[in-house]
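Colleague: Before we discuss this fold, I would like to go through the terms one by one and see how each is justified.
Modeller: Then let us put the structure in front of us and begin.

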Amino acid sequence: MNSCKRSLFGFVLILGALFLILDPAHGATFKLELKRFEDKSSLILSNEEERILQKVKTQYLPWDQERSMTPAFIKAVKKEPTVYESNTLYRGVIQFGSDQYGFVLDSSNIKREGFNKLYFDRNLNGDLTDDPIIEAKALPKGVHFGSGIILREFPRQDLTVNVGGKSYDYSFFLTVSSDERGPIRGSLQHARAYITPGAYRMGKVVLNGKTHSICLLDFNSNGRFDDVTVIHDRVNKRTSRIYYTPGDRLLLDFNPKNADPSYYNLTGREDRVPVAKLLFVDGKYYEMTVSPSGDSIELIPSTAPTGFIQNSNEVYDAALYGDQGILKLTGKKGDRIPIPAGEWKLLEYTIDLTDPEKRFRIPHALTLISAAGTKNCPSVKVEKGKTVEFPFGGPYKPLVQVSSVGFGTAIPQARLSLAFTDCAGAICTNLYVKGNRPPNPSFTIATPSNEIVERGKFEYG
């Protein structure tokens, strides 16, 4: 009898422990599974879901034939093949997680084949001779490039990445372009290699009894999934635009049918969310921790005091930043959106007025405007329990600036640039009206006495 009681008591303890782990009031850790992209050419049209998942910020690897033996390469690679097939080599280093992988791109015929052979130090022992040579994929049928331009893609590479002493599975694609067009015939003028992820993470989270799907992207292509977006001090001298270094991203309840004109922005899709300190779901905030491997996400209900913001636009998708990092909020006119108390500034937004009936059937029928925050945008103070207007959107006004003046020609010339700013000083970055760009705006320069000096149209932008 006592034994039975002890067993029952132990069972109750186990149930209690499970409840503490899964109870939303205490938070929970959810597992995400690694999914690899199909190993096919990026030149072949993919379905919309694949296109959205593979639109990321690539890791570019600079090429310089004369200075290819960089300190990073010399540190990563101790032994190379004694003979290569080509005299034109592309040496470099790829950063994945905590490690740097040395590589060399070679060619059987640089003029006809481009860089079609890859030496990659997969085992990180500094020796390029004990790893198999990787051959480039055959070009898809019907694909042709301009004279002197060749783009080669290599098969998806699956490897083990290390971060802080912990290893996990990862995959990547390497693509390299070469360009012989230049003043010296037959010599390589330009080359560029770039890395994109060959995998992503998928899983489900249950919050307040509701199940949400989560897709986690290594958006900055560096082999880890926990990078947060960082605001940096550099601003555009002409427009005062604020810039940020993109981190990784989540797609929450991903809808691949939703047209996406701006894959790379934080805003534009309600389901696109940055990896950040806080995650906003169904009106509640959660403290979010993502593992470097992306195999788990921990969500703990936030206890931070909150106030409310509102905005007068019909619909909007906005990213704000403050002491608690970056927040992504989607709302409409009349909404009072909860937000942690503190000082917040505008990072970017998209106002999308596309007819919902056409959004899925006719992706090119978009009507929207996007804008980026500037240092002139006001800081908004949010207080606990109070509602404050967060200004952005119309009315919009033109901003014309003289970016350079040239006096080296017979007739001095001034270069004019046109931008549009909103009511808060944000600078417009994208504009569609029923799927089309507005026509080139025209300008008139006149004297104070209304004498016309010049008329014309803005040509770019």
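**Terms set against values**

Modeller: Lysine 31 stands opposite serine 296 in strand 19. This is a predicted model, in which local features need pLDDT of at least 70 and side-chain atom pairs count only at pLDDT 80 or more, while totals for chains, interfaces and linings use all residues. Residues are numbered from 1 along each chain as its sequence is written, and side-chain values use heavy atoms, with hydrogens and water left out.

Colleague: How do you know that strand 1 and strand 19 pair?

Modeller: Two strands pair if DSSP finds at least two bridges between them, and strand 1 (residues 28-36) and strand 19 (residues 296-301) have four bridges in the antiparallel sense, so the criterion of at least two is satisfied. The strands themselves are DSSP runs (E, at least two residues), as helices are (H or I, at least four), numbered from the N terminus; the protein has five helices and 32 strands.

Colleague: What makes the sheet with the order 16-15-12-11-1-19-18-17 an open one?

Modeller: Its eight strands pair in the antiparallel sense in that order, and strand 16 (272-274) and strand 17 (278-281) stand at the edges with a single partner strand each, so one side of each has no neighbour in the sheet. Neighbouring strands of this sheet are turned by 30 degrees against each other on average, direction ignored, with axes fitted as lines to C-alpha atoms and angles running from 0 to 180 degrees between N-to-C directions.

Colleague: Why is threonine 175 called buried?

Modeller: Buried means under 20% relative accessible area, exposed over 50% and partly exposed in between (1.4 Å probe, protein chains only); threonine 175 has 7% relative accessibility and therefore counts as buried. Threonine 175 lies in strand 9 (residues 166-179), and, leaving aside neighbours within four places in sequence, its contacts (heavy atoms within 4.5 Å) include Leu151, Arg192 and Tyr194.

Colleague: What makes a set of residues a nonpolar core?

Modeller: The set must consist of buried Ala, Val, Leu, Ile, Met, Phe, Trp, Tyr and Cys residues joined through side-chain atoms within 4.5 Å. The largest such core has 45 residues, and among those with the most contacts inside it are Tyr90, Phe120 and Leu250; strand 9 gives the most to this core, with five residues. A second, separate core of 23 residues includes Phe280 and Tyr349.

Colleague: How many of the 461 residues count as buried?

Modeller: By that cut-off, 45% of the residues of the protein count as buried.
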